[in-house]
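Grab a coffee and open the viewer. Below are some short exercises, each with a worked solution, for getting to know one protein model.

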Amino acid sequence: NLSGELQLACQRCLGAINWPLDLSIQLFIISNESKANRTPADFEPILTEDDTIQLYEVLESEIILSLPAFPAHLEENCSDK
């Protein structure tokens, strides 16, 4: 589980947006693609050659994937009206 708050830039007014982050990630490390079919349904397979992963790289990717493509304030809260 990963939780916190990020500060993003609004794409309308470039002001700061506090973005809540609450991720739950379940990974299953596999050494070859044939094992991907046997990954439990609730887990995401991670393919690795030596059964190790760089946790910070996985977390970084998951955080980036969870972010909105175009963060913006609600129109009534945006200073670019």
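## Exercises on helix H1 and beyond

Ser61 is found in helix H1. Keep in mind throughout that this is a predicted model.

**Exercise 1. Work out whether Ser61 is buried, partly exposed or exposed, and how many Å separate its C-alpha from that of Leu6.**

Step 1: Start with the cut-offs: buried means under 20% relative accessible area and exposed means over 50%, with partly exposed in between.
Step 2: Ser61 has a relative accessible area of 37%, so it counts as partly exposed.
Step 3: Now go for the distance. Ser61 and Leu6 are 55 residues apart along the chain, and their C-alpha atoms are separated by 15 Å.

**Exercise 2. Two other residues sit in helix H1: Tyr56 and Glu62. Decide for each one whether it is buried or exposed.**

Step 1: Take Tyr56. Its relative accessible area is 55%, so Tyr56 is exposed.
Step 2: Take Glu62. At 16% relative accessible area, Glu62 is buried.
Step 3: Look at what surrounds Glu62. Skipping residues up to four places away in sequence, Glu62 touches Leu23, Ile25 and Glu44.
Step 4: Go back to Tyr56 for a distance. Its C-alpha lies 18 Å from that of Ile30, and the two residues are 26 apart along the chain.

**Exercise 3. Place Thr48 in the fold and find which residues it contacts beyond its sequence neighbours.**

Step 1: Find the spot: Thr48 is in the loop that runs between strand S4 (44-47) and helix H1 (55-66).
Step 2: Check the accessibility. Thr48 comes out at 8%, so it is buried.
Step 3: List the contacts. With neighbours within four places in sequence left aside, Thr48 contacts Ile29, Ile30, Ser31 and Ile53.

**Exercise 4. Figure out how many disulfides the structure holds, and what Cys10 is doing.**

Step 1: The count of disulfides is 0.
Step 2: Cys10 is accordingly in no disulfide, and its nearest cysteine sulfur belongs to Cys13, 3.7 Å away. For a disulfide, the two sulfur atoms have to be within 2.5 Å, so this pair doesn't qualify.
Step 3: Look at the accessibility of Cys10. The value is 0%, so Cys10 is buried.
Step 4: Bring in Phe70, which lies in the segment after H1. Phe70 and Cys10 are 60 residues apart in sequence, with their C-alpha atoms 7.7 Å apart in space.
Step 5: Phe70 itself has a relative accessible area of 69%, which makes it exposed.

**Exercise 5. Say where Leu14 sits and what its phi is.**

Step 1: Leu14 is found in the loop between strand S1 (2-9) and strand S2 (16-23).
Step 2: Check the backbone: phi is positive at about 65°, although Leu14 is not a glycine.
Step 3: Check the side: at 65% relative accessible area, Leu14 is exposed.
Step 4: Try a distance. Leu14 and Ala41 are 27 residues apart along the chain, and 40 Å separates their C-alpha atoms.

**Exercise 6. Now zoom out. Which pattern of helices and strands does the protein follow along its sequence, and why is it called more spread out than a compact globule?**

Step 1: Count the elements: there are 4 strands and 1 helix. Read along the sequence, they go β-β-β-β-α.
Step 2: Compare the radius of gyration with the globule rule. The protein has 18 Å, well over the 12 Å that the rule gives for 81 residues, so it is more spread out than a compact globule.
Step 3: Add the dimensions: the C-alpha trace spans about 55 × 20 × 20 Å along its principal axes.
Step 4: Turn to burial and contacts. Of the 81 residues, 19% are buried. Among contacts with a separation of 6 or more, 42% come from residues 24 or more positions apart.

**Exercise 7. Describe the surface and the charges: how much area is exposed, and how many side chains of each sign are there?**

Step 1: The protein exposes about 6,300 Å², with carbon and sulfur atoms supplying 49% of it.
Step 2: There are 4 positive and 14 negative side chains.
Step 3: The centres of those two sets lie 5 Å apart.

How values were computed. Residues are numbered from 1 along each chain as its sequence is written. This is a predicted model: local features need pLDDT of at least 70, side-chain atom pairs count only at pLDDT 80 or more; totals for chains, interfaces and linings use all residues. Side-chain values use heavy atoms; hydrogens and water are left out. The radius of gyration is taken over C-alpha atoms; the globule rule is 2.2 Å times the number of residues to the power 0.38. Buried means under 20% relative accessible area, exposed over 50%, partly exposed in between (1.4 Å probe, protein chains only). Contact means heavy atoms within 4.5 Å. Accessible areas come from the Shrake-Rupley method with a 1.4 Å probe; for residues, only the protein chains shown count as cover. Lys and Arg count as positive and Asp and Glu as negative; His and the chain ends are not counted. The place of a charge is taken as NZ of Lys, CZ of Arg, CG of Asp or CD of Glu.
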